[in-house]
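Student: Please give a close account of one pocket in this model. I would then like to follow the chain outward from it.

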Amino acid sequence: MDGLKVDVLGPPRVTVDGAPLRVDTRKAVALLGILAVDGPRSRGSLAALLWPESDTSRARGALRRTLSVLTHALDGRGVVAEETVRFDTDAVTVDAAEVAGLLERVADHDETPEQRCDRCLADLKRTVELHRGELLEGFGLRDSTLFDDWRTERAEHVRRRLVGVFDLLTTTQLRRGVLDGALDGLERWLVIDPLNEEVHTRLMLLHAWRGERAEAVRRYRACVAVLDVELGVAPLARTTQVYQAILQGRVRPAVRSDATDPVVEAAEIAPVRSPARTPHPGRHEGWPLVGRDEVLDELAAVVTNGAVGARRLTVVTGEAGVGKTRLADALRQRLEAAGRPPAAARCFAGETGLAFGPFVDLLRQVIDRMPASRLTALPAATVKELHRLVPAHLANEPDPRVELAPLDSPGARAVFFAAIWDVLDAALADIPPGVVVLDELQAIDPSSIQLLGYGLHRLADRDLAVVLCLRAEDAPAELLALLDDPAVAGIAHRVDLPRLVPDDAAALVAAVVPDTDPSLAERLYAESEGLPLLLAEYLRLIVDGEVAVDDGGQGWLLPRGARELARSRLAGLSDTATQIASAAATFGRSFDLEVVRAASGRTATDVVDGIDELLARRLVRELRGDTSAPEYDFVHDKLRAAIYEGTSLARRRLLHGRIADALAPLVRRDAHRAGGAAAVAEHARLADRDDEAARWHAVAAEQARRLFANEEAYRHLEQAIALGHPDVWRLRLQLGEVATLLGHYPAALATFEAAAAGAVDDATLAMTELRIAGVYLRRGELALAGSHLTAARQLVDDGTPTTARIEADLGLLRLREGHLADAVAHAEQALALASDGGDVEGRAQALNLLGLVARHEGDPAAARDHLAASVQLAEGLADPAAYVAALNNLALATAEAGDVEGAVDLQQRAVERGARYGDRHREAALRNNLADLLHLAGRDDEALATLEGAVGLFASIDTATDPSPEIWKLVDW
């Protein structure tokens, strides 16, 4: 047909009037592919997808040029380029659209699968013919991982749809006895779905019906091989039974058209199902919460009306298995029954490298259930802040007119934290106070501690109540310090859960297993030692028939300990459920169907059946969340650990690799999806794919640094280097920078020296020498700082961007040594070099130095002029270091000029910014200076509190050795 023809079901093929389309940019073909698959798209979404590394204006400009090239090549036909870009459907033929039409016609035809008409069969065959391969097979864009991820996601959707077509087509052909046609369809199905045992089984039977017994046997052994290599498992029992039926000649020669399952009935076998169990009235849901009534009433009163001292924070502590999570669930159920559902999230061990992980889960929950009117009523700036963490959960694109400040710009981190708490407040505002529950808090990441601290210190200003559940003995020191902070401890209601007493155990046993001998409760209490987790699991063994209660007086054995008990709970699972459980346990936390299906290699039906069995056996539970994508979690980690330990090492490696492959494209679209880059890195490492793990650890470090989550960034950089990342110099430089911010100076120096040894040229070596000198300047070791600065200066010429900053640091060194004239000379040289090279940061640094010299010369007016100019230049820089330095020095100069209150205001701004940046040493100095200024202003109580914070920070610097006395003397820089 004449006109534009776009074929995307296979390698892309675009023709105009029968001739191939000639364009000089792959982006034009990519754009046509997007329209062919998704239909009309806005210009903004197309620009973001095709040019993700460019800012909005540049991306839109590139899109305009591409559309111009495309319009010219098409002679103005086929594509309508308005604010929404779309195909002119009258002038364009798209294979994906033809497939959609065919399948819609089949679906609308009211037939049973056994009675498909000839037209439906022809439509299904045509659908298969139109699929020449994978969606846009072999096509990608080197400069747009977002497009590649989009293609991967859409290709998987197309593949699943094609699997459904093959299933319907071959089932119909088998029922009609069209064996040759069914053979062709099954062979093609196997190419795109090689792990599907149903396909292998149908091929085995088809060859048996054709009298090709040897080929049927070969098919079974091919199935065994692919499952062993790809999944590390044996075929399901059902597949093996079909194979044995073929070997024994028990296969009927034909398929009845009325067979509900042609595979099963042809092989004369029964479906393999889980052993039937007799339901018990106390089984599964509805077990009473014993021994906790008073605590639950107390918690409900605190979070709903502040009955205990108007407190809005509740901290629940207790040992592992004592029932903190069960208590939190009971509180949630009570609140839901009262019409005030809380927002709840858990922290997970192994995810401390994911910055803000539990708050991402909270935001997803509240955004998904927030009324559209309330979501749209949020300020545009707040919505844009949310895009930092949960872009995939916000239906609307952020307002492009709202500029989102980098998290290192003045006040940005406070605005970011405030936005998150604002959304939680707004989402839970139906019946105030809204309730936020955070469980397993001992596994919280360092950045979430800061965000939590921000909210707890301001809880009195919000209609929110917060419940925290944790094992205090395993909690990080920073979290315990936050909870012991007088401002937080003063609003906290603390509950330490004890173990159950014998009467509680007896009440639970009587409720779950009524009419039994009282000695059962005594025995179970003795075995569990009053720990609710073990008591409940022992009862489940009895309820599920794994242990007989009455054994004729001979005594009965229970597994001892949580791990052995967990293993016994897994006995009797079907092969499918066991494989699904091992994939989920390898994932290591809450899981969804998509990831488990990809990891297990099983069909969607197998996964759903396996999950249903795990739910029925009370091994996993369904989490509340987005109903379109349900999530699940093991009922406790002991079960997950037992399943993981029971999985062979080879299968674990396979599963970790498959999970990494499944997560990677999801994480590229949403950095916090399923644990983020840190999760992909860890699964790749456990799959023995160190190169891939190193790359993902570097990505995780970059994400953490953007959020100033320095502790997480440090760990990821260490891992990336240890696993052999190829860009080792850059990562070592970053690791040294983060170590410097954290005050780990010995580690920073060792890392920078290693980077210097691996520098590839003079420019990279000069950058490294400059950073080594910076550490020695902080420690007050001026001679060493001078030697490294001199070495750096000799490596670069005047046209190199680093030169101005080297000159400025040389000037600072001379100032510290008392050589004011030399300091001025270096400052003026730095200013000239920075001005000539357009180096704004270098200019700010030079002006800051001139201001410092003026202060030391006793000229506060000149000092204030230079420093104010430095602050103005540095305020918009991505790196806040120069801004904080100039602001600190301006505050000191302002005080020396007699304006103490003005100095306090400036210093408070510097402290706020420095704290968000995470530079511990300089933050300590800023707080120390603020304390002095507050004392001068007569605000002694504030001064003392500020000084205490400064002393604690000073004491944490250089902890690998005895801190240098010079560290405590830092005032200006």
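Tutor: The account below begins with the pocket and then moves to the parts around it.

The model is predicted, and residues are numbered from 1 along each chain as its sequence is written. Local features need pLDDT of at least 70 and side-chain atom pairs count only at pLDDT 80 or more, while totals for chains, interfaces and linings use all residues; side-chain values use heavy atoms, with hydrogens and water left out.

Rolling a probe the size of a water molecule over the atoms shows where empty space is left. Here the search runs on a 1 Å grid over the protein atoms alone: a pocket is an open set of points with protein on both sides within 12 Å along at least five of seven lines, whereas a cavity is a set where a 1.4 Å probe fits but cannot get out. Lining residues have an atom within 4 Å of a point. Points are joined across faces, edges and corners, and a volume is the space filled by probe spheres set on them.

The second largest pocket holds about 1800 Å³ of space. Its lining comprises 42 residues, and those nearest its centre are Gln-450, His-457, Ala-915, Glu-923 and Arg-927. Two or more lining residues come from each of helix 17 (412-427), helix 18 (446-457), helix 19 (477-484), helix 32 (710-722), helix 42 (900-917), helix 43 (920-936) and helix 44. Helices (H or I, at least four residues) and strands (E, at least two) are DSSP runs, numbered from the N terminus. By character, the lining divides into 17 nonpolar, 11 polar and 14 charged residues. In this scheme Ala, Val, Leu, Ile, Met, Phe, Trp, Tyr, Cys and Pro are nonpolar, Asp, Glu, Lys and Arg are charged, and the others, Gly among them, are polar.

Two of the lining helices are joined by a salt bridge (a side-chain nitrogen of Lys or Arg within 4 Å of a carboxyl oxygen of Asp or Glu). Arg-920 pairs with Glu-711, with 2.8 Å between the closest N and O atoms. The pair connects helix 43 to helix 32 across 209 residues of chain. Glu-711 counts as partly exposed because its relative accessible area is 23%; buried means under 20%, exposed over 50% and partly exposed in between, with a 1.4 Å probe and protein chains only. The whole structure contains 62 salt bridges.

Helix 44 also takes part in the outer surface. Val-951, in helix 44 (residues 940-955), has 39% relative accessibility and therefore counts as partly exposed. Together with Leu-944, Leu-947 and Trp-968, Val-951 forms a nonpolar surface patch of about 350 Å² accessible area. Patches take residues with over 30% relative accessible area and no salt bridge, joining like charges within 9 Å and nonpolar side chains (Val, Leu, Ile, Met, Phe, Trp, Tyr) within 5 Å. The areas come from the Shrake-Rupley method with a 1.4 Å probe, and for residues only the protein chains shown count as cover.

Next comes the chain between helix 17 and helix 18. Pro-433 lies in the loop between helix 17 and strand 10 (434-439), and the peptide bond leading to Pro-433 from Pro-432 is cis, with omega near 0 degrees. Glu-440 is placed in the loop between strand 10 and helix 18. Although not a glycine, Glu-440 has a positive phi of about 55 degrees, and Glu-440 counts as buried because its relative accessibility is 18%. Asp-439 has its C-alpha atom 4.7 Å from that of Cys-469, 30 residues apart in sequence. Cys-469 belongs to strand 11 (residues 464-470) and, at 1% relative accessibility, is therefore classed as buried.

Ala-443, Ile-444 and Asp-445 are among the residues lining an enclosed space, the second largest cavity. That cavity has a volume of about 60 Å³, and there are five cavities of 30 Å³ or more. Helix 14 (residues 357-369) supplies the largest share of its lining, three residues. The lining of the second largest cavity consists of six nonpolar, two polar and four charged residues.
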